[in-house]
Amino acid sequence: MFDLWKLKDYDPGTGLAAGAHQPGFDDGDWIDIPAPGDVHRALMAAGRIPDPYYDRNEDQVAWMEEKEWWYRLTFDTAAEALAEDERLQLVFHGLDTFVTVYLNGAELGKHQNMFRPAVFDVSDKLKLGQPNTLALCFDRPLDYVDPDPPEEFKSLLWGRNQERIYMRKAQFGYGWDWGPRLPTIGIWRPVELLRQRQAAFRGVHFYTLEINEKENYALVAARAEIERFANDSELQVYYHLYHNGTDFHQDIFIPAGEESATAIFKITDPQLWWTHDLGEPVLHTLEAALMQEGDVFTETTQQVGIRTIALDQSPDYEERGTRFFRFVLNGVPIFAKGADWIPCDSFVGAIPDEQYRMLLTSAQQANMNMLRIWGGGLYEHDIFYDLCDQLGILVWQDFMFACAPYPEYDSTFVAEVEAEALYQVNRLRSRPCMALWNGNNENQWIHDRFNWDDPDNRVPGTLYYHEILPQVVAELDGQIPYWPGSPFGGSDHAGMEDGNRHNWEVWHGNSVRRFGEEPHNTLTPEGVSYRRYAEDMGRFISEFGMHASPVAETLWRVIPEDQRYHHSSSMDHHNKDNPKNKGDNLMLPVTGLPENIEEYIDFSMIAQAEGLKFGLEHFRRRKPHCSGTLFWQFDDCWPVLSWAVVDYYGFGKAGYYYAKRAYEPVLASFKELENGGVELWVTNDTLAPVEGQVIVANRKFNGETVRETGLTIEVPANASQMVVSWSAAELEAGPDHYLAVYSPDNLFTFNRHFFAAIKDLEHPAATIERTIKQVDEHTLEVELKANKYAYFVNLFIPEEGTIYSDNYFDLEAGAAHTIRITNAQVQLTPDTLTVRSR
């Protein structure tokens, strides 16, 4: 009924004057737009604008910000009249952002928050059994920017694109250091007409009270909250909880005048929800029906999980003066392995479910057990949380505030924030994937950096992060932990002693500081070097990362042929970070500077991948003192040079595969010591001890083995420990040597340690033999074998959705490696495959 609308733009104020809200208005020349959908996509389909992602076309669509945008739809309703105890509610689940809604020519109401529904009672306004016309006028968001904020607030302003802070709208749409300025418009989530009788659910909250491992039972609860609108007498909620042999029923009565009912179930031999790396993410179905004497008013169904989640901040006595920051799932402390998630398209209303499925499956396949939804984007679509529930991936959920002070002086804005929080907490609280509510992204931290010499500095927005948001979480949820910000805690809001931190010493060249010390940046190769990760003794690192180019296929789709060189105008336009040479400083000591676009793609990927490997291995070795890494960032919202490891089209960069190996449940890694010695560590994230044989070899790149040693290791469950060390005198080091470790029992993946920077390695060119087997039309099996050490071996097929069992890896001389390549949608043939190395 509400899937296809008509769309037209007007100069501000002229649409209403033209009668665009009236039922009889002629909209024959308006263009079609789906709902949910996106205005940019609709204009592209109609040929009115070029693709904003191509070249510098972003600038050619800036005019869209200067228009008001009208939607129109005529629809029919059933002729059956409403009973006295019934109502009709028109629900817009997402309107972006400042909109006036008209029904049959009359104003129905206004709305000004992208992050919560607009709900209108139309019981006495619809023409039953006749055509009805809806018209929506979306105003220019910039008209709602406060032109003259209070001086006290104005004096504290900082951050990019400050106009965005006055609106409850996706902040990244006004541009970020990885995203274009393409603010969205329109109906971005579904529209529905609800016919309700007597009472309705406000929400049904499922949560786990206790998991008693000793006595093998779990206590879980389901709490229904209702709205009465035509019934003040006793009501009944019928609950049905079931999964694979678990089948529980319970009726709870709600006395007259009360508005909630809680059922408690004791489940013997419970099947728990785990992250995919620790067990099965078992989902139960919870059905709830609101009724009276068998007469059902409304029903709801949701997928839930039996699990507990807590945030352990107890003292870490092994590192005096510090506290843990670690998540505890079902009583088990875990190491969070993952990345930060941004919206996977700038046009957030038009993202297909399959795009989410592809990306989140990629995250799971990369051994990630947590993703952080960043506060400058959006509370994601339901499909995101559905998939995280199913795939066993925890979600760290930011509230939507990022990198700015936010106004507290406007009571309407404050009320919108509270209403938004009430809606989102109610919406997401029962999700088994939910691990943390987080107040904002970087607001306390950056504010202190700007106001470092004011000991009493208070970031505007504190009202939200320290009062309204935690209060809403406590009242509506009470199970999932709340944290005021990312980063927050310690001696700098990004301190290493407490809380979580963002490491932007690497890439941005930040100084490590304490409160009251002036911050500074050192944008030199040494200042931005990824080797600075070794200095980070943080408890939980929720942002860190480095830039890299996407694959050539992605660049060729959006960069004109005459612009395909490093630092061309088009390439720099697709790099939103400044200054544009930060990546050069990162590459310089690792690979050297590139001489052509092909080298730039490889060199930037190598610098990012090696940096992620270095950092992730360091942080994982520090377990349990460090209990999590969420690197910046997992995905992209458009084709861009960025921190992402999976680009806009879904192609994995080298960093994705390096992170996948660094995140394996059992990791063997080398730690280089200042005195030239080396330690071998084994990190075990599984819940069982790791025991077996390990082979360590000191080799030359030409294939010669200097020394090979067999070890027997025993590493306890959920632990990290050093298993052997060598002094500098015991090693043959140099640019033509390396260390290798592997497990004959396949306890972990092969790993290596180089004694020189990539650019200084002395390894002869390798010849790679390949044997390709066509398993079926969607699957290739490729065996690769090198005559000498082959670095950065990568395979590529230019088809989206192609999955590689491994990629961007090293091959030792004489070693063979088999890679399975699949694409469920496209036929794969050997002639489309390229294999390269460096």
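A pocket, for these notes, is an open set of grid points with protein on both sides within 12 Å along at least five of seven lines. I'm keeping in mind that this is a predicted model.

**Entry 1: the largest pocket**

I started with the open space. The largest pocket holds about 1700 Å³. I then looked up its lining and got 39 residues, with His-93, Phe-201, Arg-202, Tyr-423 and Asn-426 closest to the centre.

Which elements supply at least two residues of that lining each? My list has strands E4 (86-92), E11 (191-197), E12 (199-212), E13 (217-228) and E18 (295-304), plus helices H5 (382-391) and H6. Strand E18 has the largest share, at six residues.

**Entry 2: the closed spaces**

Next I went looking for cavities. I found four of 30 Å³ or more. The largest cavity comes out at about 160 Å³. Its lining is made of 19 residues, and those closest to the centre are His-547, Asn-575, Lys-580, Gly-583 and Tyr-600.

Helix H11 (582-587) and helix H12 (597-621) each put at least two residues into the lining of this cavity. Helix H11 gives the most, five residues.

**Entry 3: Ser-642**

I picked Ser-642 next, partly to follow up two names from the cavity. Ser-642 sits in the loop between strand E31 (628-631) and helix H13 (654-662). Is Ser-642 buried or exposed? Its relative accessible area is 0%, so I wrote down buried.

I set aside residues up to four places away in sequence and checked what Ser-642 touches: Trp-178, Met-546, His-547, Ala-548, Gln-608, Gln-633, Asp-636 and Lys-653. His-547 is also among the residues closest to the centre of the largest cavity. So is Asn-575, whose C-alpha is 6.9 Å from that of Ser-642, although 67 residues separate the two in sequence.

**Entry 4: two more loop residues**

Asn-367 is in the loop between helix H4 (353-365) and strand E25 (370-373). With a relative accessible area of 15%, Asn-367 is buried, because the cut-off for that is under 20%. Beyond its neighbours within four places in sequence, I found Asn-367 in contact with His-276, Lys-337, Lys-660, Tyr-663, Glu-664 and Pro-665.

Asp-51 is in a loop too, between helix H2 (39-45) and strand E3 (68-76). Asp-51 has 35% relative accessibility, so I put it down as partly exposed. Its contacts outside the four nearest places in sequence are Met-44 and Asn-57. I also looked up Trp-556: it is 505 residues from Asp-51 in sequence, yet the C-alpha atoms are 14 Å apart.

**Entry 5: aromatic rings**

How many aromatic pairs does the whole structure have? My search gave 64. I noted two of them in detail.

Trp-5 and Tyr-71 make an edge-to-face pair, with 6.0 Å between centres and 75° between planes. Trp-5 belongs to strand E1 (residues 4-10) and Tyr-71 to strand E3, so this pair ties together parts 66 residues apart in sequence. Both Trp-5 and Tyr-71 are buried.

Phe-401 and Tyr-464 are the other pair I wrote down. Their ring centres are 5.6 Å apart and their planes meet at 15°, so this one is stacked. Phe-401 is in the loop between strand E26 (394-398) and helix H6 (411-428), while Tyr-464 is in helix H8 (residues 462-476), so the pair links parts 63 residues apart in sequence. Phe-401 is buried at 0% relative accessibility, and Tyr-464 is buried at 0% as well.

I also found a cluster joined by ring pairs: Tyr-656, Tyr-657, Phe-701, Tyr-738, Phe-754, Tyr-789, Tyr-791, Phe-792 and Tyr-808.

Then I checked for charges over rings. Lys-8 lies over the face of Tyr-10, 5.8 Å from the ring centre. Arg-326 does this with Phe-324, at 4.0 Å from the ring centre.

**Entry 6: cysteines**

Last, I looked for disulfides across the whole structure and found zero. Why is Cys-388 in none? The nearest cysteine sulfur, that of Cys-433, is 5.2 Å away, and a disulfide needs the sulfur atoms within 2.5 Å. Cys-388 has a relative accessible area of 0%, so I noted it as buried. I got 0% for Cys-626 too, so that residue also went down as buried.

Technical notes: Residues are numbered from 1 along each chain as its sequence is written. This is a predicted model: local features need pLDDT of at least 70, side-chain atom pairs count only at pLDDT 80 or more; totals for chains, interfaces and linings use all residues. Side-chain values use heavy atoms; hydrogens and water are left out. Buried means under 20% relative accessible area, exposed over 50%, partly exposed in between (1.4 Å probe, protein chains only). Helices (H or I, at least four residues) and strands (E, at least two) are DSSP runs, numbered from the N terminus. Contact means heavy atoms within 4.5 Å. Rings of Phe, Tyr and Trp (its six-membered ring) pair if their centres lie within 6.5 Å; planes under 30 degrees apart count as stacked, over 60 as edge-to-face and the rest as tilted. A charge sits over a ring if NZ of Lys or CZ of Arg is within 6 Å of the ring centre and within 35 degrees of the ring normal. On a 1 Å grid over the protein atoms alone, a cavity is a set of points where a 1.4 Å probe fits but cannot get out, and a pocket is an open set with protein on both sides within 12 Å along at least five of seven lines; lining residues have an atom within 4 Å of a point. Grid points are joined across faces, edges and corners, and a volume is the space filled by probe spheres set on the points.
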